[in-house]
Amino acid sequence: MHNTGTDGAAAKRPGAIDDLFLSLEHELAVFLRRARASSGEMAREVHPDLEPSAYGLLLRLAEAGEQRATELACYFGVGKATISRQLRALDDLGLVAREKDPADGRAVLVRLTDEGLARFTRVRSARRDRYARRLASWDRGEIAELARLLHRLNDEQEQEQDGPEEGEREQD
């Protein structure tokens, strides 16, 4: 069990990070470590040779549909070479296909193959079932609150990555 520091004992020390934030950092680190391990397991369930980092590409393609490799690289914040290598591996496994963009013959669109979609959907459904079982004892309001707070955290992270906020730009 992890101590969240929410019992009121967390005290602010001058010049130090509040114990509450240290506790949050710890819990997020544990959660992310487990999420990375889970991604590796899910990737292997899709295909034994699938790299864990490529699972996210399947997720993005399933949610957003066919896309250019440059759009995928931008979305994940990685270089073209990284995306190209991962897409080549997915293509070799028969999970994605590349086709000329009908709107721009110079560009290539990447999409999930029927096999890729079927494998991804099976694994994603199993993951969702595990989440449902894991959270079955939680109050639905707690689940909604957790989703809301994680959404807020993700939004703020995305805004931070997109660039400085208005007030910060004015000072530059």
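Which residue follows H2, and what is the sign of its phi? The residue is Gly65, and its phi is positive, near 85 degrees. This is a predicted model. The chain has 172 residues, of which 22% count as buried. Helix H2 and its partner H5 take up much of this briefing, followed by two aromatic pairs and a look at Lys80 in helix H4.

**Overall layout**

- The chain holds 7 helices and 3 strands.
- Read from the N terminus, the order of elements is α-α-β-α-α-β-β-α-α-α.
- Take the contacts in the chain with a separation of 6 or more: 44% of them join residues 24 or more positions apart.

**Helix H2 and its buried side**

- Five names make up the buried set in H2: Ala54, Tyr55, Leu57, Leu58 and Leu61 are buried.
- These residues cover an arc of only 155 degrees around the axis, so they sit on the same side of H2.
- Gly65, with its positive phi, comes right after this helix.

**H2 against H5**

- Helix H2 spans residues 52-64, and helix H5 spans residues 114-134.
- Their axes come within 11 Å and cross at roughly 100 degrees.
- H2 is therefore roughly perpendicular to H5, because angles of 65 to 115 degrees count as such.
- From H2, the contact uses Tyr55, Leu58, Leu59, Ala62 and Glu63.
- From H5, the contact uses Phe120, Val123, Arg124 and Arg127.
- By class, the residues of this contact split into 6 nonpolar, no polar and 3 charged.
- Tyr55 and Leu58 appear in this contact and are also among the buried residues of H2.

**Aromatic pairs**

- The count of aromatic pairs comes to 2.
- One of them is Tyr55 with Phe120: the ring centres are 5.5 Å apart and the planes stand at 40 degrees, so the pair is tilted.
- Tyr55 belongs to helix H2 and Phe120 to helix H5, so this pair ties together parts that are 65 residues apart in sequence.
- Tyr55 has a relative accessible area of 4%, so it is buried.
- Phe120 is buried too, at 1% relative accessibility; the cut-off for buried is under 20%.
- Tyr75 and Phe76 also pair: their ring centres are 5.0 Å apart and their planes are at 90 degrees, which means the pair is edge-to-face.
- Tyr75 counts as partly exposed, at 48% relative accessibility.
- Phe76 counts as partly exposed as well, at 33% relative accessibility.

**Lys80 in helix H4**

- Where does Lys80 sit? Lys80 is in helix H4, which covers residues 80-92.
- Is Lys80 buried or exposed? Lys80 has a relative accessible area of 59%, so it is exposed; exposed means over 50%.
- Leaving aside residues up to four places away in sequence, Lys80 touches Thr70 and Ala73.
- The C-alpha atoms of Lys80 and Ala69 are separated by 7.3 Å, and the two residues are 11 residues apart along the chain.

Conventions
Residues numbered from 1 in each chain as written. Predicted model: local features only at pLDDT ≥ 70, side-chain atom pairs only at ≥ 80, totals over all residues. Heavy atoms only, no water. Axes fitted to C-alpha atoms, helices over the stretch in contact; angles between N-to-C directions. Helix = DSSP H or I, 4+ residues; strand = E, 2+ residues; numbered from the N terminus. Parallel < 35°, antiparallel > 145°, perpendicular 65-115°, else oblique. Contact = heavy atoms within 4.5 Å. Nonpolar A, V, L, I, M, F, W, Y, C, P; charged D, E, K, R; others polar. Buried < 20%, exposed > 50% of the residue type's maximum accessible area, 1.4 Å probe, protein only. Arc of directions from axis to C-beta. Phe/Tyr/Trp six-rings, centres within 6.5 Å; stacked < 30°, edge-to-face > 60°.
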